[in-house]
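Work through the exercises below with the model open. Try each task before reading its solution.

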Amino acid sequence: MNDVLDSARLANADLPMELPLEALRWSCPLDLIPAETTEGVEPVESIIGQDRALKALKMGVELFSPGYNIFVCGLSGTGKATTIKTILEKIQLPASPPFDLCYVHNFRDPDRPILLRFPAGLGASFRDEMAEALTLVKARIPLVFEGDEFLGRRQAIIEEYNRKEAELFRQFEQTIIPDGFVLGRVQEGQAVHPEILAKIGDKTVLISDLAPLIESAELTEEAASELLEKYQEHNATMQGVFRAGLLMTREYQKLVVEHEQAAVSVTLQAVFTDVIEAFPDEKSADYIMQVISDILGSLDRFKEKSASPDAPEDDFAEYTVNLLLDNTGVTSCPVVIETAPTFSNLFGGIERVQDAQGFWFADFTRIKAGSLLRADGGFLVLNAADTLSEPGVWRMLQRVLLYRKLEIQSLDTALPGTSTLKPEAIDLNLKVILIGNNEIYWALNSYERDFKKIFKIKADFDNEMPNTELAVRQYAALIRKLISDEGLRHFDNKALAVVVEYGARLSESKKKLTTQFSEIADIVREANYWCAQNSNKYVTDMHVRKAIEETRDRHSLGEDKLQELIDNEVILIDSDGERVGQINGLAVYGGDRFDFGKPTRITASVSAGKAGFINIEREARMSGSTHDKGMQILAGYLRGVFAQKHPLTLSASVSFEQSYTGIDGDSASSTEIYALLSALSGIPIRQRYAVTGSVNQKGDIQPIGGVNVKIEGFFDVCRKRGLTGAQGVVIPIQNIPDLMLRNDVVDAVRSGRFHVYAVSTVAQGIEILTGIAAGAPDTQGNYPVGTVYGRVQQRLQELAEAAAPRKSGKGESEG
């Protein structure tokens, strides 16, 4: 292709070039295909066409240091997810062995559960050992309290207490007897308490009952008054006796508790000693001692036998172990692909439950792990768009990766009645691989200040690769692998060649092949379908072309509707004849899957005046900044060519006719110049041509995008009306390497029914469009009469004279 381009430039440096057939499309040579059919092709197991991305991924995966997380960029279908999965499956890291993680109750601070870390497999053992120990404790403590030795010692303590209490009150009673009082017991409701009673004869009465005795003359008022006075004295003394009795009660209750704890301690030590020996680390041993201490402080819960087998499980929930992460049997590096990165799925959470009263609560047993924790010591793969769209996820992920700590929390902390648990933070050592596109990467890189600290590796997947002999063989090997994996029919060499050519078409270049292998795989599958419909043994080029046509047809409704409007002359497009100031431009329309091109009418109007160049689309606020820039360049070109002696004095407008949506891009800037040159010169433009190309202020034609669909769009309009043999398209010469035209367009060129021209300057383009020489200036800057530029120069002079002020008869200017 370079030879064609170079020879054209050398031989016809100043002439437009009609392109030969070999410039219009690259055909894959069959000798590049490694076998007659894919049966003779070895399937590829490696990733192809992504050397840059593979090097970045390799470094990012193997460099297990802080911040070396990976952001994977690239278009959809370029094999990002497949590549990552393949690389991670083969990874062999000298990583530390995985750990088990458990949360247990913090008896010192219940709102801050304790984290215990064990080697893989021991977390489950610790949980089971503690559960078994609790079962033994619940069974044995009631037996301890029923033992003869325990009961005998307890009874002795109680008897000693009763004896000392009785002696205390006996001594007090001896002090009140001489004054006519005795110590009795009075029942008030369910309570019985000591009370000082007056002894009157052979009766004992309450002080409050003396009044009836006075009335019956059994007691004088003086004697009653004396008894009341002495009662008050002794009652004050008895309050001190009560206080002494309470102190004695507390002392003996403490003795009973100490006796119970001492008796149970032997059992607890026997039960938990083996657990401590099995898990001797300081943190686990401290937790077990907390458990023992709490059991000793709440022995009443264990005294009844019914508390052991039949008690509800939650009655002893604080002694259970929440095995948060169980890596039993795990020996390889963990790889977690999280397809639904919600907050709870990613970071875990704290579940809430409702009690019998309707209140919400949570405890350490409700703490759940997320995929971030399951990937600890390995890799977590996330989709960037999904991660960013989930509430709270991105901010939390940033904090976790920045500080390398995970604090499991609940999103429901704002709800009333919710427990505000703050579990102990978990140290993390993992690598996150975020899969996204360049737009997301640059947005995060620009606006997130910590992004560069936590994602130091960028793996950029290209959407194309060089079209070489090796690449063609890799394409064949890739198709062979797909056939093997999915049980498809084998392809012959011509079918493989057409698939490779389709890869070049998708990349819009003869020199490149697409790496969006999902598109290639779909064509392979659909070609297999059409082969099966025809009951053929091998997939041929006919089946591949059928698959491509059908795929295009399924997504071409919008294109067909627009073509129908052109056919019915609702949208006005001329494909023959001549017209001044009117030209066929070429526009690209975005479809749901494929872009397509169609011609659009561009017109120019020129008159005397001083308004300059008017961009009608801009005036209507329908043009983008790039299109506006193109119009300014257009004006700069015309000033450079025609305003070296005198300023341009005119009013000129350019419009995209029947355009009802926004316009952007500068690919029509050369087309607009041609329309203006025609309007200024009065020379009509041949409507059998359509034109595309950007331009600079020096008149050099510059390359544009979508050249294939643009050419095909005008070809389809002409074909529908009947090809005359004179119609064609003018494109920038730099776009020749991008040509991968449809076979029907190439066939039309081969038979002389359609033409494709490549130009490098505005002068070359206007000569094709008008059939008249553009003209070259002489040493005075004047263009030859009769040439396009000569007539433009002449018209500009006329417009300048028309706009110049006229002189009045008195020597004053008018107007």
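**Exercise 1. A turn after a helix**

Which residue just after H18 takes a positive phi?

Solution. Ser-535 does, with a phi of about 60°. This is a predicted model, where local features need pLDDT of at least 70, side-chain atom pairs count only at pLDDT 80 or more, and totals for chains, interfaces and linings use all residues. Residues are numbered from 1 along each chain as its sequence is written, and side-chain values use heavy atoms, with hydrogens and water left out.

Step 1. Place the residue. Ser-535 sits in the loop between H18 and H19. Helices (H or I, at least four residues) and strands (E, at least two) are DSSP runs, numbered from the N terminus.

Step 2. Recall the background. Most residues other than glycine have a negative phi. Ser-535 is not a glycine, yet its phi is positive.

Step 3. Check exposure. Ser-535 has 63% relative accessibility, so it counts as exposed. Buried means under 20% relative accessible area, exposed over 50%, partly exposed in between (1.4 Å probe, protein chains only).

Step 4. Find another case. Glu-569 also has a positive phi of about 60° and is not a glycine. Glu-569 lies in the loop between helix H20 (557-567) and strand E21 (578-579). At 58% relative accessibility, Glu-569 is exposed.

**Exercise 2. Helix H18**

Describe the span and the packing of H18 (residues 517-533).

Solution. Step 1. Take the span. H18 has 17 residues and reaches 24 Å from its first C-alpha to its last. That is close to the expected 24 Å, where the expected span is 1.5 Å times one less than the number of residues.

Step 2. List buried positions. Among them are Phe-517, Ile-520, Ala-521, Val-524, Ala-527, Asn-528 and Cys-531. An α-helix has 3.6 residues a turn, so residues three or four places apart point the same way.

Step 3. Name the partners. The buried residues of H18 pack against helix H16 (469-486), helix H17 (493-507), strand E20 (512-514) and helix H19 (541-554).

**Exercise 3. Strand E3 and Arg-117**

Identify the strands that pair with E3, then place Arg-117.

Solution. Step 1. Judge burial. Five of the six residues of E3 (residues 99-104) are buried, so the rest of the structure largely encloses this strand.

Step 2. Pair the strands. E3 runs antiparallel to E4 (residues 114-119) over six bridges. E3 also pairs in the antiparallel sense with E8 (residues 322-325), over three bridges. Two strands pair if DSSP finds at least two bridges between them.

Step 3. Match residues. Val-104 has Ile-114 of E4 as its bridge partner. Cys-102 has Leu-323 of E8.

Step 4. Turn to Arg-117, found in E4. Arg-117 is partly exposed, at 31% relative accessible area. Arg-117 and Asp-100 are 17 residues apart in sequence and 5.8 Å apart in space, C-alpha to C-alpha.

Step 5. Read the contacts (heavy atoms within 4.5 Å). Leaving aside neighbours within four places in sequence, Arg-117 touches residues including Asp-100, Asp-376 and Asp-427.

**Exercise 4. The whole chain**

How many helices and strands does the chain have?

Solution. Step 1. Count elements. The chain has 27 helices and 33 strands.

Step 2. Take burial. Of its 815 residues, 47% count as buried.

Step 3. Sort contacts. Among contacts with a separation of 6 or more, 74% join residues 24 or more positions apart.
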